[in-house]
Amino acid sequence: MLTAEQVIAAQKANIETIFGLTQKAFEGVEKLVDLNVQATKAALSESANSTQALLSVKDAQELLALQANLFQPLAEKTVAYSRHLYDIAAGTGAEFGKAAEAQASDTQKKFLAVVDNAAKNAPAGSETAVAVMKSAVSAANNAMESVQKAVKQATEMAESNFNTVTASAVSATKSAAKKR
């Protein structure tokens, strides 16, 4: 049923997919490294500024005010860092998801072609077996689509929850800073 050319073409496609996914993974790592370098540079700069400010404090009241002013930006920056980290992970994961969906779709099409080819060449009297096979393939495809939709909905819900928690954290730090 399968020719050598079809097998070779499938192997080439698989290798291209692997290299494409490897490229996306490295892009995600590059973004993560860049984010961490930027965060480290900012932290070092802010640390130097904070140290200078602490050294210029003249009394305890001024020290407390300085600490309160340093806390809120730190919390907001932590939330922003977490958001960037989440965006990098989600983007890289989405690329892998797209590749998996494309691969699954291609595999389904090829399998259906094999089933159709087998049905055409099936001996007389095997129509029932062919119909059962096609029904099973159709059910499997429907199940796969349902799983993909559920995963997509779960991902969207997780992102929504993450955004809500992030907004709450920023709001809480602002409220705490105002009370001081």
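This report describes salt bridges, a helix and its buried residues, and two nonpolar sites in a predicted model.

**Salt bridges**

Side chains of opposite charge can pair when their charged atoms come close. A search of the whole structure finds three salt bridges, and the table gives the N to O distance for each pair.

| Acidic residue | Basic residue | N to O distance |
|---|---|---|
| Glutamate 27 | Lysine 24 | 3.8 Å |
| Glutamate 46 | Lysine 77 | 2.4 Å |
| Aspartate 87 | Arginine 83 | 3.1 Å |

The side chains of glutamate 46 and lysine 77 meet in a salt bridge with an N to O distance of 2.4 Å. This pair links distant parts of the chain, since glutamate 46 belongs to helix α1 and lysine 77 to helix α2, with their positions 31 residues apart in sequence. Glutamate 46 has a relative accessible area of 30% and is therefore partly exposed, and lysine 77, at 41% relative accessibility, also counts as partly exposed.

The salt bridge between glutamate 27 and lysine 24 lies within helix α1, where the two residues are three apart, about one turn of the helix. Glutamate 27 is partly exposed at a relative accessible area of 27%, and lysine 24 is partly exposed at 29%.

Aspartate 87 and arginine 83 are both found in helix α2, four residues apart, which is again about one turn of the helix. For aspartate 87 the relative accessible area is 36%, so this residue is classed as partly exposed, falling between the 20% and 50% limits.

**Helix α2**

Helix α2 runs over residues 60-120 and contains 61 residues; from its first C-alpha to its last it reaches 89 Å, close to the 90 Å expected at 1.5 Å a residue. The buried residues of this helix are Leu66, Ala68, Ala75, Val79, Ile88, Thr92, Ala99, Ala104 and Val115.

**Nonpolar sites in helices α1 and α3**

Val115 is also one of the residues touched by methionine 133, the other being Phe111, when residues up to four places away in sequence are not counted. Methionine 133 lies in helix α3, which spans residues 127-179, and is partly exposed, with a relative accessible area of 39%. Its C-alpha atom is separated by 9.9 Å from that of leucine 112, which is 21 residues away along the chain.

On the surface, Val29, Val33 and Val37 form a nonpolar patch whose accessible area together is about 230 Å². Valine 29 is placed in helix α1, residues 4-55, and its relative accessible area of 45% makes this residue partly exposed.

Terms used
Residues are numbered from 1 along each chain as its sequence is written. This is a predicted model: local features need pLDDT of at least 70, side-chain atom pairs count only at pLDDT 80 or more; totals for chains, interfaces and linings use all residues. Side-chain values use heavy atoms; hydrogens and water are left out. Buried means under 20% relative accessible area, exposed over 50%, partly exposed in between (1.4 Å probe, protein chains only). Contact means heavy atoms within 4.5 Å. Patches are made of residues with over 30% relative accessible area and no salt bridge: like charges are joined within 9 Å, nonpolar side chains (Val, Leu, Ile, Met, Phe, Trp, Tyr) within 5 Å. Accessible areas come from the Shrake-Rupley method with a 1.4 Å probe; for residues, only the protein chains shown count as cover. A salt bridge is a side-chain nitrogen of Lys or Arg within 4 Å of a carboxyl oxygen of Asp or Glu. The expected span of a helix is 1.5 Å times one less than its number of residues.
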